[in-house]
Structure formats: C-alpha cells, structure tokens
Amino acid sequence: EAGETLLSYARQILAANDAALTAIHSTQARGKVRLGLQEDLGERVLTDVLGRFARAHRGMRIETRVCRNAELMERVNRGELDLAVVWGDGGAAPYREKLAELPMIWIGGVNSPAPDAGGAAMPLQLVAFENQCLFKTAAMEALNKAGIDWDVSFTSSSLNGLLAAVAAGLGITIRTAIGLPPQVRALSPSASRLPRLPKVELTMIAARPDHEAAVAFLINALRTAIKDYLS
C-alpha cells in the first residue's frame, strides 16, 4: 500500500518536471531527434518516452526506427540516428551507456512440448534470424559445446516472425524475457536438458559523446522508462 502511494507521487513529480521544462523553454527549439530501438522494446517503451519528449519539446519532432541490432549500430555510426538502444556493448559508438545485463533464455511455444535436447533422435529445431546476430551465435555455440545436434528449421528477418514460428511449434529460439507475447514461454534448461546461456548487455548509444538539450532529455527519458520496465 505504501509503495502504491509512493508510485502515485512519483508519477506526479515526473509530470511536474516535464511541465517545468516546457515552461522554462519559452523559445522552443526546432528540428528533430532520430531514435532507434530494438523490436523487443518498440511498443512498450515508446509510448512513455514519446509522451514525455513531446510535452517537454513541443517545437521538435522525433523520428523513430525499430529494426535489427546491426542496422541500428550502423546508422548511429554513420550519423543517421542520434540515439539508439542496442544489444551488446555498443561497439565503437562515440557514446555508450550500459542500461542492464539480462539473461538469455530458451523460448518455446505455449502449446508445444518441451524439447528433450539430450535424448532427441532428430536434431533440435532452431528458429533464428536470417543473418548472424548475438542471440543466434550464442545458441549455436551453446548447443555445439553441449554436443547437441541442431538444425535451423525457420528463418525470418523480423522478431515477430521468429516468435510466430515458435508459437506455431516450428522450433525454439533464444531471446531475453523482454516483450514476449503470451503465445510463447521460457523453457527450463534443467527440464529440457538444454544448455545454459550467457547474459547479454542492453546498451544506449549515441552519435556524439556530447549531447544537445533535446538528445540529453531523450537519453534520460529512455534510461528511466527502460529501468522502470525492467524493475
């Protein structure tokens, strides 16, 4: 009960903070900020972040791109995105801030039987992205190290495509627990004899080490929204 009361006041404080910033910036900046997000975070984080940004910077426009990790990093390094949230350490981005370190998990369909990785007569069926990525590499390395035969049964260029295939029973995949739809579930390594997986960093990267006011505000809004979502 005390926590719910505190949460209510915290939301009012954040709203008052945004209103104060709007009042202070009587001459609103013009232009746009370009933001990139992972598919996992797109729907759940954007609503909160975009609302706060719009209230504090009414004269500015925010452009968002939700896409794969490699593309986000390339666009930040080319200066085509001001800010992005990516998996991994952020590579050679001019600005990097670690937001969290999350465990990778095996994911199967809610209505599909758990695979018996250690005793299956057929190779383990893996659902993966078309191109290489952190998660696909981690899955292959873990299975190879454990001596488990595997085969890629389905590939897709989008996360929604992967999760739809898993929900349909075409195989299993790996990701974090962020943003999983109700049609899929985390698989217990001990119950299915699947190997344990490493953790992966969630990192915020920016095109410049120093930030304009609008980008700095967006960084803070993203940091707060993601930590709230993960808590």
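1. Let's start with helix 5, residues 159-167. Its buried residues are L159, G161, L162, L163, A165 and V166. After the helix comes G169, which has a positive phi, near 85°. Bear in mind as you look around that this is a predicted model. For the helix, a general point helps: an α-helix has 3.6 residues a turn, so residues three or four places apart point the same way.

2. Two of those buried helix 5 residues, G161 and A165, turn up again as contacts of F154. F154 itself sits in strand 7, which covers residues 150-156. Leaving aside neighbours within four places in sequence, the contacts of F154 are L126, V127, A128, G161, A165 and L170. Is F154 buried or exposed, or something in between? F154 counts as partly exposed, because its relative accessibility is 27% and the buried class stops under 20%. One of its contacts, A128, is 26 residues away along the chain, with 6.5 Å between the two C-alpha atoms.

3. Now for the chain as a whole. The protein chain has 7 helices and 10 strands, and its C-alpha atoms fill a box of roughly 70 × 50 × 25 Å along the principal axes. There are 231 residues, and 44% of them count as buried. Take the contacts with a separation of 6 or more: 83% of them are between residues 24 or more positions apart. As for the surface, the chain exposes about 12,000 Å², with carbon and sulfur atoms supplying 52% of that.

4. How many cavities of 30 Å³ or more does a search of the whole structure find? There are 2. The idea behind such a search is simple: rolling a probe the size of a water molecule over the atoms shows where empty space is left. The largest cavity holds about 80 Å³ of space, and the second largest has a volume of about 60 Å³.

5. Which residues line the largest cavity? They are L126, V127, A128, F129, C133, F135, K136, A139, L162, T173, I174 and R175. Strand 6 (124-129), helix 4 (134-145) and strand 8 (173-175) each give at least two residues to this lining, and strand 6 has the largest share with 4 residues. By class, the lining splits into 9 nonpolar, 1 polar and 2 charged residues. Note that L162 of the lining is also one of the buried residues of helix 5, and that L126, V127 and A128 of the lining are among the contacts of F154.

6. The second largest cavity is lined by Q38, R68, N69, W87, F129, C133, L134, F135 and R175. By class, that makes 5 nonpolar, 2 polar and 2 charged residues. If you compare the lists, F129, C133, F135 and R175 appear in the linings of both cavities.

7. Two residues of that second lining, W87 and F135, deserve a closer look. The structure holds 1 aromatic pair. The ring centres of W87 and F135 are 5.4 Å apart and the planes stand at 90°, so this pair is edge-to-face. The pair joins distant parts of the chain, with W87 in strand 3 (residues 83-87) and F135 in helix 4, 48 residues apart. Both partners are buried: W87 has 2% relative accessibility, and F135 has a relative accessible area of 4%.

8. W87 also gives a handy reference for V45, which is placed in helix 2 (residues 39-56). V45 and W87 lie 42 residues apart in sequence, and their C-alpha atoms are 15 Å apart in space. V45 is buried, with a relative accessible area of 1%. Its contacts, beyond neighbours within four places in sequence, are L222, A225 and I226.

9. Last stop: G79. Where is G79 placed? You'll find G79 in the loop between helix 3 (69-77) and strand 3. G79 counts as partly exposed, with 32% relative accessibility. Not counting neighbours within four places in sequence, G79 is in contact with R34 and A207. From G79 to V152, the C-alpha to C-alpha distance is 35 Å, for 73 residues of separation in sequence.

Conventions. Residues numbered from 1 in each chain as written. Predicted model: local features only at pLDDT ≥ 70, side-chain atom pairs only at ≥ 80, totals over all residues. Heavy atoms only, no water. 1 Å grid on protein atoms, 1.4 Å probe; cavity = no way out; pocket = protein on both sides within 12 Å on 5 of 7 lines; lining within 4 Å. Points joined across faces, edges and corners; volume = space filled by probe spheres on them. Nonpolar A, V, L, I, M, F, W, Y, C, P; charged D, E, K, R; others polar. Buried < 20%, exposed > 50% of the residue type's maximum accessible area, 1.4 Å probe, protein only. Contact = heavy atoms within 4.5 Å. Areas by Shrake-Rupley, 256 points an atom, 1.4 Å probe, with all protein chains shown as cover. Phe/Tyr/Trp six-rings, centres within 6.5 Å; stacked < 30°, edge-to-face > 60°.
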